[in-house]
Amino acid sequence: MPLPGSLSRPRSWPHLLTRGVSLGAVATVLVACSASGLSQPAPPRGDADQNTAAPGEVLNSEGTPVKGGTLKLSMAADPLCLDPHSISADTEQILGHLQFDNLTFLNPDGSPGPWLATSWTISPDGRTYVFTLKQGVTFADGTPFNAQAVVANFEHMLDPNTRSPLAGPYIAPYAGSTVIDDYTLQVNLKSAYSPFLDVLAQGWLGMQSPKAIRESTPAQLCAHPVGSGPFTLTSYTPNVGASYARRADYDWGPPALGRTGAPNLDGVDLSWIGQDPVRYNSLISGQYQLTGYVPPQNAAAVAANPQFQLEDVNRIGWPFTFDFNTSRAPLDDINVRKAIVEGVNVDAIVQTSQFGQRGVARSYLDSVTEFYDPSVQLPAYNVQNANALLDGAGWASRNAAGFRTKNGQELALKLPVSNATTVSPVYDLLQAQLKTLGINLQVEVQPQTQVTTRRYAGDYDLLSGVWHTNTPDVLYIKYASSQIPDSEHLGQNLARLSDPTLDSLLERTRETTDRTELASLYSQAQKQLVAAVPGLPVYQNTVLWAFDKKLHNVIVNTSHGTPLLTYAWLAP
């Protein structure tokens, strides 16, 4: 049941297979499960929302838990900072709940449930929350968790020195707090904020030791944050890996997990492996028991291997999209943006590059996101219209290389791409299709630090990525003009879109809890985005991960669709 004042709204997470057990029954029910056994590449998904697992599902749950063992985990790219408040990297979808605890935890139906906040009430105007906090919780450095600790965390998220690209924007309506007593906190918001309880469950908003926050520089906190979670960070070597050790005194996991106590695993050793073939081969060879990132070209082989279990989970958020830099020529011209959207055969790109593992994106929200409006879609592939739009925009002439020109200027677009991981074939496929339109896409593969610098300086024409969250408020994070990055704010509006009508709609979605109004506002926002064309959506925001079947009781994280390892265990 929802807690007093919380929103009750079932969420749609369609899935093909129901295996294991749901949260709350893990301690008593044992159910066998197996890999899907695919022997051939899966057919293209198209627009289907096909999940292999549901939120809260407990995977490979048969057997009696065994204490001990160190899990070997591989992930793709090091964010070069482990302070969850200071980064937006998707690593926190796994690492966040390894080292940190949150105030809330999403139930399998998507409703916020208790964790470090055991209960709460909300004022009728939606601007005041009173949290009752769990007692007896400590951080790994011995600092007690209490109301003052929560205040320190909120202030750290919003501190300009933190330069938070995600946690800060997610609690932007925060106005301040009143400590009623050690375990009762009144949080005051500037305005009603409907996603507040949801975002508090995300890995990036985990609680950190106020002592560590107070005594560490930003660089020191990046290198060694201190949480209250089931595992403690013991070492971190940038671009190599990190090690986590079991907290023997941990006894405050989310009630939804159905059990308490310390983890079964002695620890987790994490390695950063940027190259897809190496990450795949090291999993199959047994060097690692879990990888957070299965290359799509290897997914069918992993699924067909009886030693492993592959999961493919479509998630709430923003699909893999090429952001258009609308703040500078030539993509400040909406007709050029429209021409790219209509002139690129996205279906062909997805079918070729994603090997049947991901569906085509048709708009700026992933289709499993609450308030996604399936009636709002971008125009279909139409090369004739695309060429007419480019001609009409003044790019009718072509040079000897076949690229369009205007006033002697070639129609060229710069796309910086990080070399930290295997470069996706999506870029070459897009480059080839744009060339047929007469557009010279220059894919510039560079070190991650250089790409990041260009990203926040606006020195690009296109950028690419996905954005996962657990609410449709992702549209605010990606497209509100307040989220355009500058020297002081690492915002995520990389399209640099400034649209007052859209801003008004997105602000109103944050301020109401009325579901009918929310559905209408989000539908209008999606229509406004389709009209503004701030990017080219390509494929749905699914995450592919796999584990050796020696690993048991892997829970599908209800916020992120990724593996939650609190009570996982390794068979000998």
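1. Strand 10 (residues 241–246) and strand 11 (residues 267–272) run antiparallel and are joined by five bridges. Here strands (E, at least two residues) and helices (H or I, at least four) are DSSP runs, numbered from the N terminus, and two strands pair if DSSP finds at least two bridges between them. If you would like one pair to look for, A242 has L270 in strand 11 as its bridge partner.

2. A word on the source: this is a predicted model, in which local features need pLDDT of at least 70 and side-chain atom pairs count only at pLDDT 80 or more, while totals for chains, interfaces and linings use all residues. Residues are numbered from 1 along each chain as its sequence is written, and side-chain values use heavy atoms, with hydrogens and water left out.

3. On its other pairing, strand 10 meets strand 9 (residues 231–237) in the antiparallel sense over six bridges. L233 stands opposite Y244 of strand 10. Three residues lie between the strands of this hairpin, and N239 takes a positive phi near 65° there.

4. Now step back to the whole sheet: it is open, with seven strands in the order 9-10-11-2-12-22-13 and mixed pairing. Strand 9 and strand 13 (308–314) are at the edges with a single partner strand each, so one side of each has no neighbour in the sheet. The partner of strand 13 is strand 22 (residues 542–548), in an antiparallel pairing of seven bridges; E311 stands opposite W545 in strand 22.

5. Helix 1 (residues 92–99) packs on this sheet and touches strand 2 (70–75), strand 9, strand 10 and strand 11. Contact means heavy atoms within 4.5 Å. The direction of helix 1 makes about 150° with that of strand 2; axes are lines fitted to C-alpha atoms, for helices over the stretch in contact, and angles run from 0 to 180 degrees between N-to-C directions.

6. Next, a helix pair: helix 15 (residues 500–511) and helix 16 (residues 515–532) pack at about 155°, with their axes 9 Å apart. The two are therefore roughly antiparallel, a term for angles over 145 degrees. Among the residues making the contact are L502 and L505 of helix 15 and L518 and L521 of helix 16.

7. Finally, find the open sheet of three strands, ordered 20-14-21 with antiparallel pairing. Its twist averages 30° from one strand to the next. Strand 14 (residues 317–324) pairs with strand 21 over four bridges, and D323 stands opposite G535 in strand 21.

Conventions: Angles under 35 degrees count as roughly parallel, over 145 as roughly antiparallel, 65 to 115 as roughly perpendicular and the rest as oblique.
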